[in-house]
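Here is a small set of exercises to work through with the model open beside you. Try each task before you read its solution.

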Amino acid sequence: MIREMYLRLGIPERAIERAERAQRRIAPVFERIEAIRELNQLRVLEAMRHARVSESAFGGSTGYGYDDRGREALESAYAEVFGTEAALVRPQIAAGTQAIAMCLFGVLRPGDLLLSVTGKPYDTLDSVISPSQGGLAGSLADFGVRYAQIELRDDGSLDLEAVVLALGTRPAMLYVQKSRGYAGRRSLRTREIGALVSRLRAAGSSAVVLVDNCYGEFVETEEPGSVGADLMAGSLIKNPGGGLCPTGGYVAGRRALVERAASRLTAPGIGSHIGPTLGLSRLMAQGFYLAPHIVAECLKGAAFAAAYFEDGGLVADPGPFEERGDIIQTLTLGDEKAMVRFCRAVQSMSPVDSFVSPEPWDMPGYADPVVMAAGTFIQGASLELSADGPVRPPYRVFLQGGLVYEQVKAAVMLAAPV
Ligand SMILES: *Cc1c(COP(=O)(O)O)cnc(C)c1O
């Protein structure tokens, strides 16, 4: 029956056999993913019980949003799960970049030094950090915040020696990007972030450690907050939104720092005290509840894609058995035609906009044309299956997300060269 169904979806016999082989090979990886999921799911359940999340508070608030019990309960559950004192979880934070920018502008002051210890931050942070034309955009540099970066070592690990040396320049904040983003580097594990914090404190530095946690949530059993990070930020149309959250972002960390970030979202003096939930409370809570489960689906999909590619003699990074710190899988297609064909096939195996055919286009801010497949319920939601990348050698696609493993599996079977 399943074989017939695959054939009907246009997947050739050879791909079905290859998929069976790949899936058998990664059975132990699935077991590991399920063990992580179980622990994370129980942690979320426990936190929601502690926070007394209540159906009667899902109606939410309007206007200023004072005394929104649903919002307060969810923020308390986030803080518990992420191992932090406080959290701000708001639909008014419309992107991960916004959540991160709130942390940067909330904490840093003119003359301060921001030190990235994971090389160049994610592309959308460029204009947040660097000087703008005529200073009109009001970037960090426009306000006199200085910036420096330390590259990751060749094996993708943090260069702790270089970080300790750089403490002589008295950075006010250390910036850590957990996920590989759209770069060739690997993701960091939470324990590596923990080791960084310990090293820092041992060296007597009280610099604020900010973690860009986008794509990292629930991939491991610990979050950066539990290993000493001072502040972390992410997007609700990625992991912690569980695929249900239609918009939103979060900041979690030490209470005073979260409040400073909140002052950039609203205004100094008002901070976290206003913020209507506009009827979104139920989806935000429900999405958070489902997040460990959905992230596990993504991870299974990514491991399958890696194994399937390897089985066909193609390059996948990370490999199927490698430990992961985010949900991103890169797959090397080798030439433009194969790359575009791959993205078109992924798009066609989507529940939404399956009839659309992606074309490479000149996306603002990118040197090369970019091709993107995203048949998603929520615009730009990359916890849903999406595949994209700049059309240039080595013609590498970034595959991430998948609300259900079955879709990722079928998409890869249809899309990968046989
Ligand atoms: C997605 C992402 C961001 C922010 O993205 P938005 O599109 O603004 O939500 C920042 N850093 C990393 C590593 C990301 O993956």
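**Exercise 1: A residue in a loop**

Tyrosine 215 lies in the loop between strand E5 (208-212) and strand E6 (231-235). Keep in mind that this is a predicted model.

Task: Decide whether tyrosine 215 is buried or exposed, and find what its phi angle is near.

Solution. Start with the accessibility: the relative accessible area of tyrosine 215 is 2%. Buried means under 20%, so tyrosine 215 is buried. Next, turn to the backbone, where phi of tyrosine 215 is near 75°, a positive value in a residue other than glycine. For context, most residues other than glycine have a negative phi. Finally, look at the surroundings: Tyr215 is one of the residues around the ligand.

**Exercise 2: The ligand and its shell**

Task: List the residues around the ligand, sort them by class, and say which helix gives the most to the shell.

Solution. First, collect the members: Ala95, Gly96, Thr97, Ile100, Tyr122, Gln177, Asp212, Cys214, Tyr215 and Lys238. Then sort them, which gives five nonpolar, three polar and two charged residues. Last, place them on the secondary structure: helix H5 (residues 96-107) gives the most, with three residues.

**Exercise 3: Polar partners of the ligand**

Task: Find how far an oxygen atom of the ligand is from the polar backbone atom of glycine 96, and repeat this for the side chains of threonine 97 and lysine 238.

Solution. Begin with the backbone: a polar backbone atom of glycine 96 is 2.7 Å from an oxygen atom of the ligand. Move on to the side chains. For threonine 97, an N or O atom of the side chain is 2.5 Å from a ligand oxygen. For lysine 238, a polar side-chain atom lies 2.9 Å from an oxygen atom of the ligand. To finish, consider the area: the ligand taken alone exposes 380 Å², and the protein buries 88% of that.

**Exercise 4: A nonpolar patch and helix H3**

Task: Name the residues that make the nonpolar surface patch of about 320 Å², then trace the elements that give two or more residues to it.

Solution. The patch is made by Leu42, Leu45, Tyr289 and Leu290. The elements that give two or more residues to it are helix H3 (27-50) and helix H10 (281-311). Take one member as a check: leucine 42 has its place in helix H3, and at 48% relative accessibility it counts as partly exposed. Alanine 27 is also found in helix H3; its relative accessible area is 38%, so alanine 27 is partly exposed. For a view across the sequence, alanine 27 and alanine 303 are 276 residues apart, while their C-alpha atoms are 10.0 Å apart in space.

**Exercise 5: Backbone geometry in three loops**

Task: Where are proline 318, proline 394 and leucine 278, and what does the backbone do there?

Solution. Recall first that most peptide bonds are trans. Aspartate 317 and proline 318 are joined by a cis peptide bond, with omega about 0°, and proline 318 lies in the loop between strand E8 (316-317) and strand E9 (329-332). A cis peptide bond also joins proline 393 and proline 394, with omega about 5°; the loop that holds proline 394 runs between strand E11 (386-390) and strand E12 (396-400). Leucine 278 is in the loop between helix H9 (255-265) and H10. Phi of leucine 278 is near 55°, a positive value in a residue other than glycine. Because its relative accessibility is 53%, leucine 278 counts as exposed.

Methods: Residues numbered from 1 in each chain as written. Predicted model: local features only at pLDDT ≥ 70, side-chain atom pairs only at ≥ 80, totals over all residues. Heavy atoms only, no water. Near = heavy atom within 4 Å. Polar contact = N/O pair within 3.5 Å; in protein donor to acceptor, adjacent residues only side chain to side chain. Areas by Shrake-Rupley, 256 points an atom, 1.4 Å probe, with all protein chains shown as cover. Helix = DSSP H or I, 4+ residues; strand = E, 2+ residues; numbered from the N terminus. Nonpolar A, V, L, I, M, F, W, Y, C, P; charged D, E, K, R; others polar. Patch = residues over 30% accessible without salt bridge, like charges linked within 9 Å, V, L, I, M, F, W, Y side chains within 5 Å. Salt bridge = Lys/Arg side-chain N within 4 Å of Asp/Glu carboxyl O. Buried < 20%, exposed > 50% of the residue type's maximum accessible area, 1.4 Å probe, protein only.
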